[in-house]
Amino acid sequence: TMEVSQPWEEERFEVEIYENERAWIGGGFSKKGLLPNDWSRYSSTDGSIGWKTIEEASDAMLGKGWKWSEEGSFSQATVVEGILEGWNYARDFSSSAIQNAKSKRNVALHWVRFRRLVRKKMLDPDQFLLPEVYTLCSHCDSVAKSQ
């Protein structure tokens with residue numbers, strides 16, 4: 001039997017979250033030091049959704065009908081749209097402070113830090129349909145042609 005690749009097997013969608021911490025005088029940065037009105041330890045990139053653990057974030061961001069395209073967990077991201085690789089420092093978690101975040105900490109001004117974590121997911125049709133329903137026929141044309 002010839003193995004036919006499915007269109008969705010090539011598609012990968014990047015999921016991103018932030019890991020967040022707050023500095024305390026004499027104590028350095030910590031997730032435990034976050035204030036009640038701060039973003040959660042792990043959050044969506046706008047801070048509107050938060051989780052206490054990376055496992056909770058992973059489960060929530062995967063969603064029904066998807067599977068992670070690789071084993072493991074979220075990993076540190078590279079530069080994208082002004083958010084620098086590694087930790088970014090800001091005065092607080094307000095949107096204006098996040099937009100103006102810096103890669104180097106100014107001890108007098110920067111009391112929070114965040115870093116972008118990413119992971120790729122792909123469609124998992126097995127959660128919805130039996131393979132016989134969506135498997136392409138290896139001996140026929142499965143692409144509809146427009147006339």
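Okay, let's start with the pairing of strand β1, residues 13-24, with β8: the two run antiparallel, and ten bridges join them. One bridge you can find on the screen is R22 with V112 in β8. Keep in mind that this is a predicted model.

β8 itself covers residues 112-123, and ten of its twelve residues are buried. So what else pairs with β8? Strand β5, residues 66-68, does, antiparallel and over three bridges, and there you'll see W68 standing opposite K121. Then there's β6, residues 75-76, with two bridges to β8, antiparallel again; Q76 sits across from L117 in that stretch. And β7, residues 88-90, is joined to β8 by three bridges, also antiparallel, with N88 facing F114. While you're looking at strands, a general reminder: in a regular strand, side chains alternate between the two faces of the sheet.

Let me zoom out for a second. The protein has three helices and eight strands, and along the sequence they come as β-β-β-β-α-β-β-β-α-β-α. Out of 147 residues, 35% count as buried. If you take the contacts with a separation of 6 or more, 58% of them are between residues 24 or more positions apart. The accessible surface is about 9,700 Å², and 52% of that belongs to carbon and sulfur atoms.

Now, helix α1, residues 54-62. Which residues are buried there? They're I54, A57, S58 and L62. These four cover an arc of only 120° around the axis, which puts them on the same side of α1. That spacing should ring a bell, because an α-helix has 3.6 residues a turn, so residues three or four places apart point the same way. And what covers the buried residues of α1? The cover includes β1, β3, β4, β5 and β8. Right after α1 comes G63, with a positive phi, near 75°.

Next, my favourite spot to click on: W87. You'll find W87 in the loop between β6 and β7. Is W87 buried or exposed? It's buried, because its relative accessible area is 16% and the cut-off for buried is under 20%. Skipping the neighbours within four places in sequence, W87 is in contact with E19, E21, K102, S103, R113, F114 and R115. The charged end of R113 sits over the ring of W87, 4.0 Å from the centre. Also, W87 and N20 are 67 residues apart along the chain, yet their C-alpha atoms are separated by 9.1 Å.

There's another arginine over a ring, if you want to look for it: R105 lies over the face of W111, at 5.7 Å from the ring centre.

Last topic, ring pairs. How many aromatic pairs are there? The count comes to six. One of them is F13 with W66, an edge-to-face pair, 5.3 Å centre to centre with 85° between the planes. F13 lies in strand β1 and W66 in strand β5, so this pair ties together parts that are 53 residues apart in sequence. F13 is partly exposed, at a relative accessible area of 38%, and W66 is partly exposed too, at 22%. Then there's a cluster: Y18, W39, F93 and F114 are linked by ring pairs. You've met F114 already, as the residue opposite N88 and as one of the contacts of W87.

How values were computed
Residues are numbered from 1 along each chain as its sequence is written. This is a predicted model: local features need pLDDT of at least 70, side-chain atom pairs count only at pLDDT 80 or more; totals for chains, interfaces and linings use all residues. Side-chain values use heavy atoms; hydrogens and water are left out. Buried means under 20% relative accessible area, exposed over 50%, partly exposed in between (1.4 Å probe, protein chains only). Contact means heavy atoms within 4.5 Å. Accessible areas come from the Shrake-Rupley method with a 1.4 Å probe; for residues, only the protein chains shown count as cover. Two strands pair if DSSP finds at least two bridges between them. The arc is that of the directions from the helix axis to the C-beta atoms. Rings of Phe, Tyr and Trp (its six-membered ring) pair if their centres lie within 6.5 Å; planes under 30 degrees apart count as stacked, over 60 as edge-to-face and the rest as tilted. A charge sits over a ring if NZ of Lys or CZ of Arg is within 6 Å of the ring centre and within 35 degrees of the ring normal.
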